[in-house]
Structures are given as C-alpha cells and as structure tokens.
Amino acid sequence: MDRAVEGMDRSFGAWTMPDEYREMQRLVRRFVQGDVRAVEDTLPHDATSCPADKLAPLQEKAKAMGLWCVRTPEAYGGAGLNLLGQAVWAEEAKQVRMGLYNAAMGAFGIDPPNVIWEGNRRQIEAYGLPGVEKGTKCFVAISEPSGGADPGRSIQLRAEKVGGKYVLNGSKMWITGAAKADWGIVYARTGGRGRSGISSFIVDRDTPGLSIREIPVIRAYSPFELHFDNVEVPAENLLGAEGQGFQLAEKWLVDNRIQYSAGTLGVAQA
Ligand SMILES: Cc1cc2nc3c(=O)[nH]c(=O)nc-3n(C[C@H](O)[C@H](O)[C@H](O)COP(=O)(O)OP(=O)(O)OC[C@H]3O[C@@H](n4cnc5c(N)ncnc54)[C@H](O)[C@@H]3O)c2cc1C
C-alpha cells in the first residue's frame with residue numbers, strides 16, 4: 001500500500017491510510033526486513049520455523065515495540081490491533097521466505113485462535129493465556145474429507161455426550177500446524193444437520209485416540225489429517241454453548257481471512 005502512494009499528492013480523493021498505521025507499517029517493515037531477514041538468511045532455504053535460541057531475541061524486540069500477538073486483545077496480553085492494523089501488519093510480517101504460513105518466523109508471537117476469548121474464565125486461563133505467553137501454535141479443525149467450504153453441511157465428526165465428557169469420532173483434513181500444537185479447536189456435530197448442530201471443543205493434542213498424519217504437499221510446510229477414535233474430551237472443554245459452534249467458526253474465519261488476504265499481497269510483493 002505504502003509504496004504505491006509514496007511521493008504522490010495524497011489529496012486525490014481516494015482513501016489513504018491514516019498516519020499512525022503508516023508509522024506502524026514502517027516500524028514492522030524495518031524490523032522484518034532488517035532483524036528478521038538477517039536471521040532467516042542463516043537458516044536452510046526451506047526451513048518452516050526458527051530455532052528457539054535465534055527467535056528469542058527477535059521476540060523480545062517485538063514485545064518492546066508493543067507488537068506482541070497483534071491480533072490478541074490487550075486485556076489478554078496482546079497488542080489488540082483492529083482489522084485494519086492487522087492487515088497492515090500482515091502485509092509486512094509475511095514478507096519473509098516462510099511468511100505465508102509463519103509470519104515473521106513467529107517473531108511477533110502466534111495468536112491463539114480468537115474464539116478462545118469467547119470461552120469461560122477457566123478456558124481462557126488454561127489455554128488462551130499460556131498460548132500468548134509462550135507464542136506457540138494452536139490448530140483449528142473445521143475441514144473434513146467431506147469438504148471445507150461449506151462447514152454447516154460438511155461437518156460429520158460426531159461428538160456424543162456421555163456423562164461428564166464428550167466422545168469424538170471422525171476425521172479432519174488439511175489442518176495446519178496440528179503436529180506441533182499443544183491444543184486446538186475442533187468443530188464437531190452434537191446435534192442434527194445444518195449449522196445449529198455444530199459445537200466447538202478445546203482438544204489437547206496428546207489426547208488418547210487422536211492420531212495425526214502429515215499430508216505431504218509441494219511446499220515445505222504440510223497440513224495434517226486428524227483421526228478421532230473415541231477421543232474423550234471433558235465437558236468443561238466445550239467452547240461456548242452446544243450448537244454455537246458454527247457461529248464461532250465463522251468468527252474465526254472472518255477475522256482470520258482479513259489479515260490472511262493482506263498477507264498474500266505481502267508475499268506477492270516480496
Ligand atoms: C494448505 C492448506 C491448509 C489448510 N488449513 C486448514 C486448517 O488449518 N483448518 C481447516 O479447518 N481447514 C484447513 N484447510 C482447508 C481449507 O479451509 C479448505 O480447503 C477450504 O475450506 C475449501 O474446502 P475444500 O478444499 O474441501 O473444497 P470444497 O468444500 O469441496 O469446495 C470446492 C469448491 O466447491 C465450492 N462449494 C463448496 N460447497 C458449495 C456450496 N454449498 N455452494 C456453492 N459452492 C460450493 C467451493 O466454493 C469451491 O470452489 C487448509 C487447506 C489447505 C490447502
């Protein structure tokens with residue numbers, strides 16, 4: 001965005017980016033093109049993450065800039081950028097080799113899925129806050145072999161309530177980051193057909209019965225297939241109310257896609 005209008009008369013009537021966003025854009029660009037790239041250049045060409053000892057100083061610097069977990073509300077330790085701020089950030093942060101799937105190699109931390117903040121206090125404290133603190137990845141599992149574009153119809157993974165837990169059976173496809181995540185959000189069917197039959201669950205990656213298989217793709221960073229064989233999830237890990245899952249999935253997708261789209265523009269520019 002910035003490069004296109006630099007040096008131009010900015011009074012031509014079209015929307016122009018407010019100065020505070022322009023300033024942040026310059027700050028992020030300097031950090032990413034200077035500090036982050038210098039470290040990435042020391043890594044193998046198709047590395048998908050940065051070793052912890054090299055990442056830590058970059059993360060400290062991002063924190064000092066007030067740009068830690070930019071998509072997480074300030075109340076939970078993030079920078080709390082709005083959607084425009086996130087788009088400006090993403091366009092710059094993704095202009096490194098692994099940027100499309102690992103913005104700035106994780107130098108700004110990795111935001112937990114925004115819907116965790118819709119959870120209750122226990123869920124936020126047990127899952128959301130440690131995620132912000134550690135800057136580690138979580139997975140979000142919506143898509144299935146039956147399709148991903150229309151989750152209201154295609155979600156078939158079943159969650160049956162048995163006493164104080166839900167028992168999950170079925171599969172998820174194309175799930176990003178599942179193998180390295182501590183936990184993820186899984187959308188499953190607790191009710192009948194359609195959107196109102198879907199609920200969402202916080203699932204620990206090492207829960208017995210959950211198996212994870214890499215799906216090789218042409219780039220270095222593969223997504224995963226998840227298979228649920230009688231996976232027992234405590235009822236307290238139901239996120240939101242039963243039947244509210246589709247709304248939560250929508251909230252995650254809409255928010256996520258804005259910065260994701262801006263990020264692809266950044267990748268194209270790079
Ligand atoms: C690298 C990668 C990473 C991914 N990571 C994740 C992840 O982390 N979590 C996750 O949940 N998913 C993930 N996905 C899956 C992704 O969200 C889906 O690929 C996407 O939603 C499209 O679903 P699909 O591939 O099953 O296509 P389909 O749903 O089969 O759609 C195929 C085509 O049909 C159209 N279509 C489908 N249904 C309808 C309808 N009812 N009416 C009209 N048109 C329709 C679609 O628009 C599309 O053009 C990932 C995919 C990839 C490739």
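Around the ligand of this predicted model stands a shell of 13 residues, of which I142, S143, G148, W174 and T176 come nearest, a residue being counted as near when one of its heavy atoms lies within 4 Å of the molecule. By class, the shell divides into six nonpolar, four polar and three charged residues, where Ala, Val, Leu, Ile, Met, Phe, Trp, Tyr, Cys and Pro count as nonpolar, Asp, Glu, Lys and Arg as charged, and the others, Gly among them, as polar. Two strands, β1 (139-141) and β3 (165-175), each supply at least two residues of this shell; strands (E, at least two residues) and helices (H or I, at least four residues) are DSSP runs numbered from the N terminus. Residues are numbered from 1 along each chain as its sequence is written, and side-chain values use heavy atoms, with hydrogens and water left out. Because the model is predicted, local features need pLDDT of at least 70 and side-chain atom pairs count only at pLDDT 80 or more, whereas totals for chains, interfaces and linings use all residues.

Polar contacts with the ligand, defined as pairs of N or O atoms within 3.5 Å, with the added conditions within protein that one atom must be able to donate a hydrogen and the other to accept it and that residues adjacent in sequence count only if both atoms are side-chain atoms, involve both backbone and side-chain atoms. A backbone N or O atom of I142 is placed 2.8 Å from an oxygen atom of the ligand, while a polar side-chain atom of D150 lies 2.9 Å from a ligand nitrogen atom. For W174, a polar backbone atom is found 2.6 Å from a nitrogen atom of the ligand. On its own the ligand has 970 Å² of accessible area, of which the protein covers 45%, as computed by the Shrake-Rupley method with a 1.4 Å probe, only the protein chains shown counting as cover for residues.

Strand β3, a contributor to the ligand shell, runs antiparallel to strand β7 (residues 224-234), to which eight bridges join it; pairing requires that DSSP find at least two bridges between the strands. In this arrangement K165 stands opposite P234 in β7. Strand β7 also pairs in the antiparallel sense with strand β6 (residues 210-214), over five bridges, and here E214 stands opposite F224 of β7. Within strand β7, N230 has a phi near 50°, a positive value in a residue other than glycine. N230 is partly exposed, with a relative accessible area of 46%, the classes being buried under 20%, exposed over 50% and partly exposed in between (1.4 Å probe, protein chains only).

A positive phi, near 45°, is likewise found for C69, also a residue other than glycine, which is located in the loop between α3 (52-64) and α4. C69 is buried, with a relative accessible area of 0%. In strand β5 (residues 198-204), V203 is buried as well, at a relative accessible area of 1%, and its C-alpha atom is separated by 19 Å from that of G191, 12 residues apart along the chain.

Side chains of opposite charge can pair when their charged atoms come close. The structure holds 13 salt bridges, each a side-chain nitrogen of Lys or Arg within 4 Å of a carboxyl oxygen of Asp or Glu. One of them joins E92 to R29, with the closest N and O atoms 3.0 Å apart, and thereby links distant parts of the chain, since E92 belongs to helix α4 (residues 83-93) and R29 to helix α2 (residues 19-40), 63 residues apart. Both partners count as buried, E92 at 1% relative accessibility and R29 at 16%.

A second pair, E118 and K251, has its closest N and O atoms 3.8 Å apart. This pair, too, links distant parts of the chain, E118 lying in the loop between α4 and α5 (121-134) and K251 in helix α7 (residues 245-269), 133 residues apart. E118 counts as partly exposed at 42% relative accessibility, and K251 is partly exposed with a relative accessible area of 35%. In a further salt bridge, between E125 and R121, the closest N and O atoms are 3.3 Å apart; both residues lie in helix α5, four residues apart, about one turn of the helix. Here E125 is partly exposed, with a relative accessible area of 44%, whereas R121, at 64% relative accessibility, counts as exposed.
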